[in-house]
Amino acid sequence: MYRITAVCTGNICRSPMAEYLIRGALESAGVDGVVVDSAGTSDGEAGNPVDPRAAAVLTRAGLDPSKHVARRFEAADFADADLVLALDTDHYARLRRLAPGPQDAAKVRLLRSFDPAVADKGPSGQGIYDPWYGDAADFALCHEMIRAALPGLVEHVRLEATGRRGA
């Protein structure tokens with residue numbers, strides 16, 4: 001089983017959007033044996049559902065985020081994760097500092113590092129800003145940024161998951 005965790009600040013906007021979109025993309029591509037979840041770098045929203053604006057975007061995409069419950073990503077979560085996807089540069093830095101060791105830190109990638117339009121920009125050019133402070137257009141843009149990374153991510157996971165099964 002290959003496990004992916006998407007991480008943003010409070011786990012109510014960007015990371016649950018990524019979780020549901022990644023899961024949907026993997027299912028559509030026929031990639032099985034992958035568990036996708038999400039978490040936040042803080043516990044300020046722990047126990048809360050998806051932000052209604054993020055839920056609206058996901059619902060329009062045919063996804064049902066109604067069972068989501070926000071949680072905090074802990075150092076112990078690295079033990080179960082194969083890939084930890086940071087949604088913005090501050091999450092990337094925080095997760096790499098939180099990692100118990102170098103092997104765990106190496107599991108952390110920015111989600112948009114899989115987007116060919118920004119893959120060569122490095123971490124400083126691969127973040128997704130927090131739409132929470134904006135309006136519906138900000139959530140739609142966040143959705144599009146996540147979607148742009150999905151084909152590259154799906155191919156990466158397909159290779160990783162296949163390699164593990166063949167080993």
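Let me open with a pair of residues: Ala6 stands opposite Leu85 in strand S3. What I am showing is a predicted model, and I shall use that pair as the way into its sheet.

Strand S1 covers residues 2–8, and S3 covers residues 83–86. The two pair in the parallel sense over four bridges. Besides Ala6 and Leu85, Thr5 stands opposite Val84 in S3.

S1 is also joined to strand S2, residues 34–40, by seven bridges, and these two strands run parallel. Two of the partnerships can be named. Tyr2 has Val34 in S2 as its bridge partner, and Ile4 has Val36. The connection between these strands deserves a word as well: S1, helix H1 and S2 make a β-α-β unit, and the unit is right-handed.

I turn now to the sheet as a whole. In what order do the strands of the open sheet stand? The order is S2-S1-S3-S4, four strands with parallel pairing. S2 and S4, the latter at residues 108–110, stand at the edges with a single partner strand each, so one side of each is left without a neighbour in the sheet. On average, neighbouring strands of this sheet are turned by 25° against each other, direction ignored. As a general remark, side chains in a regular strand alternate between the two faces of the sheet.

Next, accessibility. Is S2 largely enclosed or left open by the rest of the structure? S2 is largely enclosed, because six of its seven residues are buried. S1 is mostly covered too, with six of its seven residues buried.

Let me move to the loop between S1 and H1, where H1 spans residues 14–28. Asn11 is located in this loop. Its phi is near 65°, which is a positive value in a residue other than glycine. For context, most residues other than glycine have a negative phi. Asn11 has a relative accessible area of 0%, and therefore counts as buried, the cut-off being under 20%. In space, the C-alpha atom of Asn11 is separated by 17 Å from that of Ala76, a residue 65 positions away along the chain.

A second loop residue offers another case. Pro123 is placed in the loop between S4 and helix H5, the helix of residues 136–166. Is Pro123 buried, partly exposed or exposed? Its relative accessibility is 38%, so Pro123 counts as partly exposed. From C-alpha to C-alpha, Pro123 and Val31 are 27 Å apart, with their positions 92 residues apart in sequence.

Finally, the empty space. In general, rolling a probe the size of a water molecule over the atoms shows where such space is left. The largest pocket in this model has a volume of about 150 Å³. Which residues line the largest pocket? The lining consists of Cys8, Thr9, Gly10, Ile12, Cys13, Arg14, Glu45, Asp130, Trp132 and Tyr133. By class, the lining residues divide into five nonpolar, two polar and three charged.

To close, I return to the sheet: its strands are ordered S2-S1-S3-S4 and the pairing is parallel.

Key:
Residues numbered from 1 in each chain as written. Predicted model: local features only at pLDDT ≥ 70, side-chain atom pairs only at ≥ 80, totals over all residues. Heavy atoms only, no water. Buried < 20%, exposed > 50% of the residue type's maximum accessible area, 1.4 Å probe, protein only. Pairing = 2+ DSSP bridges. Right-handed = clockwise from strand over helix to strand, strands pointing away. 1 Å grid on protein atoms, 1.4 Å probe; cavity = no way out; pocket = protein on both sides within 12 Å on 5 of 7 lines; lining within 4 Å. Points joined across faces, edges and corners; volume = space filled by probe spheres on them. Nonpolar A, V, L, I, M, F, W, Y, C, P; charged D, E, K, R; others polar. Axes fitted to C-alpha atoms, helices over the stretch in contact; angles between N-to-C directions.
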